[in-house]
Amino acid sequence: LKIMRDRSPAHARQYMLTPPEPTPAMVLGQAIHMAILQPDLFRRHYVRRPDLDLRTKAGREALEALQAEYPCATILPAEQYDTCLAIRDAVHSHPYARKLLRGQTELSAVWRDPWYGVTCKGRFDCLSSLGVVVDVKSVADASPRAMQRFIYSYGTYLQAAHYMIGAKQLDVPADHFVVV
């Protein structure tokens, strides 16, 4: 929907057929997301890379050994790994966020659109026990003005509407969509 909003249905189809490689910011965002919502899986999917000088043969060999030891994991630089843990801890220690994130996390859902009858899907970050659909986003600037730009630029308002329609179609008791 976001691509069709800004470009065309043909661009959206091309994106689905050949998705782009994730950027470093996207990789970090995915790691933060998992650290917050699935801390048990985070430690299996992400490994902290020690400070290595990758300009040296010894540093490159140490990295290769780490990659061989954890072939299915994403190896994050120490600073990024530590950032993920710090953000996770900050979110879980925040009084409102902690309450909002109590519930079922990472739930895939499929429903039929009530107007056009097309099959829709989504993945709820958290269905809170408070009756809230919670979506976790990582941003560089969370000021009100920056968040307004972010919500429009990334189509979060479209996602919110889509997920709330899905929750209603699936009889999920959710009255609000909240971004953490």
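Before I start, one term: when I say two residues touch, or are in contact, I mean they have heavy atoms within 4.5 Å of each other. Keep that in mind for later.

Okay, so what you're looking at is a predicted model. Let's begin with the whole chain. There are 180 residues, and 33% of them count as buried. In terms of secondary structure, we have 9 helices and 6 strands. If you lay the C-alpha trace along its principal axes, it spans about 60 × 45 × 35 Å.

What about the outside? The accessible surface comes to about 11900 Å², and carbon and sulfur atoms make up 57% of that. On the charge side, the chain carries 22 positive and 18 negative charges, and the mean positions of those two sets are 4 Å apart.

Here's where our contact term comes in for the first time. Take the contacts with a sequence separation of 6 or more: 59% of them are between residues 24 or more positions apart.

Now, on to the strands. Start with β1, residues 46-49, and β2, residues 74-77: these two pair in the parallel sense, over 4 bridges. To get from β1 to β2, the chain goes through helix α5, residues 57-69, and this β-α-β crossover is right-handed. If you'd like one pair to click on, R49 has P77 in β2 as its bridge partner.

Next, β3 and β4. Strand β3 covers residues 103-112, runs antiparallel to β4, and is joined to it by 9 bridges. One pair to look for here is A109, whose bridge partner in β4 is G122. The two strands form a hairpin with 6 residues between them, and in the turn you'll find G117, with a positive phi of about 75°.

Let's stay with β4 for a second. How many of its residues are buried? It's 7 of the 10 in residues 119-128, so this strand is largely enclosed by the rest of the structure.

And β4 has another partner. It pairs antiparallel with β5, residues 132-135, over 2 bridges. There, C126 stands opposite V134 in β5. That's a hairpin as well, with 3 residues between the strands, and G131 in the turn has a positive phi of about 80°.

While we're at that spot, have a look at S129, which sits in the loop between β4 and β5. Is S129 buried or exposed? Its relative accessibility is 60%, and the cut-off for exposed is over 50%, so S129 counts as exposed. Leaving out residues up to four places away in sequence, S129 touches R102 and G103. And to give you a feel for distance, S129 and L52 are 77 residues apart in sequence and 43 Å apart in space, going C-alpha to C-alpha.

Last stop: backbone angles. The two turn residues I mentioned with positive phi, G117 and G131, are glycines. But there are also positive values in residues other than glycine. E106 has a phi near 50°, and E106 is found in strand β3. At 12% relative accessibility, E106 counts as buried. Then there's D171, with phi near 55°, in the loop between α9 (156-169) and β6 (176-179). D171 is exposed, with a relative accessible area of 68%. So that's a buried residue in a strand for E106, and an exposed one in a loop for D171.

That's my tour. Happy to take questions!

Conventions. Residues are numbered from 1 along each chain as its sequence is written. This is a predicted model: local features need pLDDT of at least 70, side-chain atom pairs count only at pLDDT 80 or more; totals for chains, interfaces and linings use all residues. Side-chain values use heavy atoms; hydrogens and water are left out. Two strands pair if DSSP finds at least two bridges between them. A crossover is right-handed if, with the strands pointing away from the viewer, the path from the first strand over the helix to the second runs clockwise. Buried means under 20% relative accessible area, exposed over 50%, partly exposed in between (1.4 Å probe, protein chains only). Accessible areas come from the Shrake-Rupley method with a 1.4 Å probe; for residues, only the protein chains shown count as cover. Lys and Arg count as positive and Asp and Glu as negative; His and the chain ends are not counted. The place of a charge is taken as NZ of Lys, CZ of Arg, CG of Asp or CD of Glu.
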